[in-house]
Amino acid sequence: MADDLSSMHQVRGQVKWFDPAKGYGFVVSDSGGPDILLHVNVLRNFGQSSVADGADIVILTHNTDRGVQAVEVVSIVAPDREVAPVLADFADLDLDAIRSEPLEPARVKWFDKGKGFGFANVFGSNDDVFLHVEVLRQSGLADLQPGEALAMRIIDGNRGRMAVEVMAWENAVEEDT
């Protein structure tokens, strides 16, 4: 966090874009002004390694000689979900029933954004849970790293256990309290 707290400002805005491979992205403030640099380390301090484009975000910023930079993430809200399920596998499911599934603690086994999928394991189980990139996007994430802690709502789908909602573990803990 910045040493000079007097120069910090809370900003509400939207993620313009974020590239986990590059390790940074930009936020556009709701009140206008220059784009704000969002570094992956700031996201990691919040408990995420990525954020979806278009997500609403509240950050603390600091003016530097190189521009405005985020120094802390206060909150992230995923972009509005579409009314229709994101995958055909979910088409016959009741959205309210999906939301009533418990959040289960899990860890990312691997995820390949280029392929559009990966797998996680629920704590205490070696069974793989399928993670689709569209579910991540609808959950406000853009990518996952091996070992990353998650909370997931899981269903038994046509192709086995599948995540229908994913969130960073820290966000799930806050939502549960």
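# Exercises around strand β9

A hairpin of 2 residues connects β9 to β10. Keep in mind that this is a predicted model, where local features need pLDDT of at least 70, side-chain atom pairs count only at pLDDT 80 or more, and totals for chains, interfaces and linings use all residues. Residues are numbered from 1 along each chain as its sequence is written, and side-chain values use heavy atoms, with hydrogens and water left out.

## Exercise 1: the chain overall

Find how many helices and strands the chain has, and in what pattern they follow each other.

**Solution.**
- Step 1: take the DSSP runs, numbered from the N terminus: helices are H or I with at least four residues, strands are E with at least two. That gives 4 helices and 10 strands.
- Step 2: go along the sequence, and you read off β-β-β-α-β-β-α-β-β-β-α-β-β-α.
- Step 3: check burial, where buried means under 20% relative accessible area, exposed over 50%, and partly exposed in between (1.4 Å probe, protein chains only). Of the chain's 177 residues, 44% come out as buried.
- Step 4: count contacts, meaning heavy atoms within 4.5 Å. Of those with a separation of 6 or more, 55% involve residues 24 or more positions apart.

## Exercise 2: the neighbours of β9

Which strands pair with β9, and over how many bridges?

**Solution.**
- Step 1: apply the pairing rule, which asks for at least two DSSP bridges between two strands.
- Step 2: look at strand β6 (residues 104-112), which runs antiparallel to β9 and is joined to it by 4 bridges. Here Arg-107 has Ala-149 of β9 as its bridge partner.
- Step 3: now strand β10 (residues 160-168), which also pairs with β9 in the antiparallel sense, over 8 bridges. In that pairing, Ile-155 is matched with Met-162 of β10.
- Step 4: add burial. Strand β9 spans residues 149-157, and because 7 of its 9 residues are buried, the rest of the structure largely encloses it.

## Exercise 3: one arginine in β9

Is Arg-153 buried or exposed, and which backbone oxygen does its side chain reach?

**Solution.**
- Step 1: place the residue: Arg-153 sits in strand β9.
- Step 2: its relative accessible area is 8%, so Arg-153 counts as buried.
- Step 3: follow the side chain of Arg-153, and you land on the backbone oxygen of Glu-101 at 2.5 Å.

## Exercise 4: two residues of β8

Describe the surroundings of Val-129 and of Phe-130.

**Solution.**
- Step 1: start with Val-129, which is in strand β8. At a relative accessible area of 0%, Val-129 is buried.
- Step 2: leave out neighbours within four places in sequence, and the contacts of Val-129 include Phe-119, Met-152, Ile-154 and Met-162. Val-129 and Ala-106 are 23 residues apart in sequence, with their C-alpha atoms 9.1 Å apart in space.
- Step 3: turn to the rings. Those of Phe, Tyr and Trp (its six-membered ring) pair if their centres lie within 6.5 Å; planes under 30 degrees apart are stacked, over 60 edge-to-face, the rest tilted. The structure has 8 such aromatic pairs.
- Step 4: one of these is Phe-119 with Phe-130, edge-to-face at 5.8 Å centre to centre with 65 degrees between the planes. Phe-119 belongs to strand β7 (residues 117-122) and Phe-130 to strand β8 (residues 128-132), 11 residues apart.
- Step 5: widen the view, and Trp-110, Phe-117, Phe-119 and Phe-130 make one aromatic cluster. Phe-130 itself is buried, at 16% relative accessible area.

## Exercise 5: the salt bridges

Which residues join into one network through shared salt-bridge partners?

**Solution.**
- Step 1: search for a side-chain nitrogen of Lys or Arg within 4 Å of a carboxyl oxygen of Asp or Glu. The whole structure yields 6 salt bridges.
- Step 2: pick out Glu-104 with Arg-161, at 3.9 Å, N to O. This pair connects strand β6 to strand β10, 57 residues apart.
- Step 3: Asp-156 also bridges to Arg-161, with the closest N and O atoms 4.0 Å apart. Shared partners thus join Glu-104, Asp-156 and Arg-161 into one network.
- Step 4: compare exposure: Asp-156 is exposed at 63%, whereas Glu-104 at 22% is partly exposed, and Arg-161 at 29% is partly exposed.
- Step 5: finish with Glu-134 and Arg-137, whose closest N and O atoms are 2.4 Å apart. Both lie in helix α3 (residues 133-138), 3 residues apart, about one turn of the helix.

Notes. A polar contact is a pair of N or O atoms within 3.5 Å; within protein, one must be able to donate a hydrogen and the other to accept it, and residues adjacent in sequence count only if both atoms are side-chain atoms.
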